[in-house]
Amino acid sequence: QVQLVESGGGLVQPGGSLRLSCTASGFTLAFYTIGWFRQAPGKEREGISCISSSDGITYYADSVKGRFTISRDNAKNTVYLQMNNLELEDTALFYCAASRWVRNVQAMCGTTHHTYWGQGTQVTVSS
């Protein structure tokens with residue numbers, strides 16, 4: 001069964017940290033560009049960080065640059081999103097997505113048309 005599963009979400013205070021995981025089963029994640037997306041209530045889904053398949057090139061949206069770090073462990077078929085200094089505005093449902101044939105990581109984050117999607121994990125930042 002081909003699927004992506006996100007985990008690691010939760011409730012955190014402003015300034016806190018979380019690490020999200022995106023684990024693939026049924027396919028080899030190493031061959032895919034991976035993106036983290038989020039969708040807040042009433043807003044469109046947006047790409048916030050993406051990482052290339054082969055050379056580890058990364059992209060970050062301005063809203064998370066300097067606070068979030070994307071990484072991948074191909075041996076574990078997993079991509080991570082380390083989120084530090086979380087803000088109230090980061091509250092959203094976070095998804096990971098995988099696509100094999102994309103022009104670059106910015107293009108990956110710029111569209112929601114991807115081959116595989118996870119079911120999402122909720123991140124709530126609240127005091």
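Student: In β6, which residue is the bridge partner of I51?

Tutor: Happy to start there, keeping in mind that this is a predicted model. β5 and strand β6 (residues 58–60) pair in the antiparallel sense, with three bridges between them. I51 belongs to β5, which covers residues 46–51. Its bridge partner in β6 is T58.

Student: Which residue takes a positive phi in the hairpin of β5 and β6?

Tutor: Let's look at the link between the two strands. The hairpin has six residues between β5 and β6. The residue with a positive phi, near 70°, is G56.

Student: How many bridges join strand β4 to β5?

Tutor: Good one to check on the structure. Strand β4 spans residues 33–39 and runs antiparallel to β5. One of the pairs places G35 opposite its bridge partner C50 in β5. β4 and β5 also form a hairpin, where G42 in the turn has a positive phi of about 80°. The number of bridges joining β4 to β5 is five.

Student: Is strand β5 mostly covered or uncovered?

Tutor: Here the cut-off helps: a residue counts as buried under 20% relative accessible area. In β5, five of the six residues are buried. The strand is therefore, by that definition, mostly covered.

Student: What is the volume of the largest pocket?

Tutor: First, a look at its walls. The largest pocket is lined by 13 residues, and R38, A40, K43, E46 and E89 lie nearest its centre. The lining divides into two nonpolar, three polar and eight charged residues. The volume of this pocket is about 160 Å³.

Technical notes:
Residues numbered from 1 in each chain as written. Predicted model: local features only at pLDDT ≥ 70, side-chain atom pairs only at ≥ 80, totals over all residues. Heavy atoms only, no water. 1 Å grid on protein atoms, 1.4 Å probe; cavity = no way out; pocket = protein on both sides within 12 Å on 5 of 7 lines; lining within 4 Å. Points joined across faces, edges and corners; volume = space filled by probe spheres on them. Nonpolar A, V, L, I, M, F, W, Y, C, P; charged D, E, K, R; others polar. Buried < 20%, exposed > 50% of the residue type's maximum accessible area, 1.4 Å probe, protein only. Helix = DSSP H or I, 4+ residues; strand = E, 2+ residues; numbered from the N terminus. Pairing = 2+ DSSP bridges.
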